[in-house]
Protein chains: 2
Amino acid sequence: MSDPCPFCAIGAVKADEDLVVLRTEHVFVTVTLKQRPANPGQVVVCPVAHATTLHSTEPALLREVFDVVTRVSGAASAAFQAVGTTIHNNNDAPGQVISHLHVHVIPRFAGDGLVIPNPSNETAPRSWRLEVAARWRRVLQ
Amino acid sequence: MSDPCPFCAIGAVKADEDLVVLRTEHVFVTVTLKQRPANPGQVVVCPVAHATTLHSTEPALLREVFDVVTRVSGAASAAFQAVGTTIHNNNDAPGQVISHLHVHVIPRFAGDGLVIPNPSNETAPRSWRLEVAARWRRVLQ
C-alpha cells in the first residue's frame with residue numbers, strides 16, 4: 001500500500017531529500033512547495049512520525065519540534081538577511097491541505113506585505129526551492 | 001518610570017486581570033484586543049518576563065510557553081466548539097505592534113475564511129472579550 005502522506009514520505013527519506021534542510025533525531029525541516037517572492041526561505045518543521053495536531057502529539061516530540069522551529073527562526077537573519085520571522089501552524093483547520101503536523105517558518109522583510117493564506121497557489125520552481133534549501137543548510141549544518 | 005509594554009503590565013497583574021484566562025508559573029494567556037467574529041476565542045500566550053523573539057528566549061521558558069499553547073489549542077473544541085486551531089507568532093516582523101513575545105491561538109471553524117493579518121483594526125468590545133475569557137476559563141481552570 002502506498003503512503004499517501006507527503007511529509008511521511010519526506011520524513012522516511014523516500015522523497016525530496018534534496019529539499020531537506022536539517023534533520024534532528026525525530027524532526028526534519030523542508031522547503032515549502034509554494035514560496036512567496038517577498039519572503040524567500042519559507043520552510044516547514046515536521047516530526048518524522050505522523051502526527052496531526054499539537055495537542056495530539058507526544059510532549060517530548062513536540063518539544064523537539066519547537067526546539068527546531070526556534071533554531072531555524074534564529075538562523076533566518078544569517079541565511080536570508082531577514083529582519084524577523086513569522087511562525088504559523090494549523091491544527092485541523094478548515095481547508096488545511098496536509099494533515100501531518102507542520103510548523104511554517106517564514107522569514108520576514110521590510111515591506112513584504114505578508115498575507116496568510118498565500119494568495120498564490122503556484123508551486124515554486126524546483127530550482128528555486130533547491131537554492132532555498134542550500135542557503136539554509138549553509139547556516140544550519 | 002512607567003512600563004510601556006502592555007504584556008509586561010498584564011503579566012505583572014497590573015492591568016486587565018479580568019481578561020486573563022490562565023496563568024502557569026512563568027506564562028499567562030489573555031484575550032486579544034481584536035477579535036474576529038468568525039473565530040471567537042482568539043488569545044495570546046505570553047511569558048510574564050519580557051522577551052522579544054523565540055530565538056532570544058531562554059529554552060525552559062519557551063518550552064513552558066509552547067506547553068501552554070498546546071494545552072489551550074487542545075481546549076478550543078470544548079470551549080468554543082472549534083474544529084481546529086491556528087497558531088501564529090511574529091518575531092521582529094515588520095509592522096509588529098507589540099514586541100513582547102506572544103503566540104496567538106485562533107480557534108478555527110468551517111467556512112471562517114481566516115486571513116492574517118486581521119483585516120479589521122477595531123478593538124472588540126470589552127464585554128465580548130470578557131465573555132471569551134469566561135468561556136476559556138470554564139474549560140482550562
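This passage describes the contact between chains A and B and then turns to selected features within each chain.

The structure is a predicted model, and the confidence figures make a convenient starting point. For the complex, the predictor reports an ipTM of 0.96 together with a pTM of 0.97. Within chain A, the average pLDDT is 95, and 98% of the residues score at least 70.

The interface is a good place to begin the tour. On the side of chain B, 31 residues are in contact with chain A, where the contacted residues likewise number 31. About 2,300 Å² of area is buried between the two chains, and carbon and sulfur atoms account for 56% of that area. Three residues deserve a closer look here: B:His55, B:Arg63 and B:Pro94 supply 21% of the area that chain B buries against chain A, more than any other three residues.

Polar interactions also cross the interface. Between chain B and chain A, twelve residue pairs are in polar contact, with both residues of each pair at pLDDT 80 or more. Among the elements of chain B, helix 2 (59–80) and strand 4 (84–91) each supply at least two residues of the side that touches chain A. Sorted by class, that side of chain B has 14 nonpolar, twelve polar and five charged residues. The rule finds two salt bridges across the interface of chain B and chain A. In a salt bridge between the chains, the side chain of B:Asp67 meets that of A:Arg63, with an N to O distance of 2.5 Å.

Strand pairing joins the chains as well. Strand 4 of chain A, residues 84–91, pairs with strand 4 of chain B in the antiparallel sense, over seven bridges. Readers who wish to find the register in the model can start from A:Thr86, whose bridge partner in strand 4 of chain B is B:Asn90. As general background, side chains in a regular strand alternate between the two faces of the sheet.

Strand pairing is also found within chain A. Strand 1 (residues 20–23) and strand 2 (residues 27–31) of chain A run antiparallel and are joined by three bridges. These two strands of chain A form a hairpin, with three residues between them. A:Arg23 stands opposite A:Phe28, a residue of strand 2 of chain A.

Over all chains, a search of the whole structure finds twelve salt bridges. One of the salt-bridge pairs is B:Asp16 with B:Arg126, whose closest N and O atoms are 3.1 Å apart. This pair links distant parts of the chain, its members being 110 residues apart: B:Asp16 belongs to the loop between helix 1 (6–11) and strand 1 (20–23) of chain B, whereas B:Arg126 belongs to helix 3 (residues 126–140) of chain B. The backbone at B:Asp16 is notable too, as phi is near 55°, a positive value in a residue other than glycine.

Cis peptide bonds complete the picture. In chain A, the bond joining A:Ile116 and A:Pro117 is cis, with omega about 5°. A:Pro117 sits in the loop between strand 5 (103–108) and helix 3 (126–140) of chain A. In chain B, the peptide bond from B:Ile116 to B:Pro117 is cis, and omega is near 5°. The location of B:Pro117 is the loop between strand 5 (103–108) and helix 3 of chain B.

Note on methods. Residues numbered from 1 in each chain as written. Chains lettered and ligands numbered in written order. Heavy atoms only, no water. Contact = heavy atoms within 4.5 Å. Buried area = accessible area lost by both parts, 1.4 Å probe. Salt bridge = Lys/Arg side-chain N within 4 Å of Asp/Glu carboxyl O. Polar contact = N/O pair within 3.5 Å; in protein donor to acceptor, adjacent residues only side chain to side chain. Helix = DSSP H or I, 4+ residues; strand = E, 2+ residues; numbered from the N terminus. Nonpolar A, V, L, I, M, F, W, Y, C, P; charged D, E, K, R; others polar. Pairing = 2+ DSSP bridges. pLDDT = per-residue confidence, 0-100.
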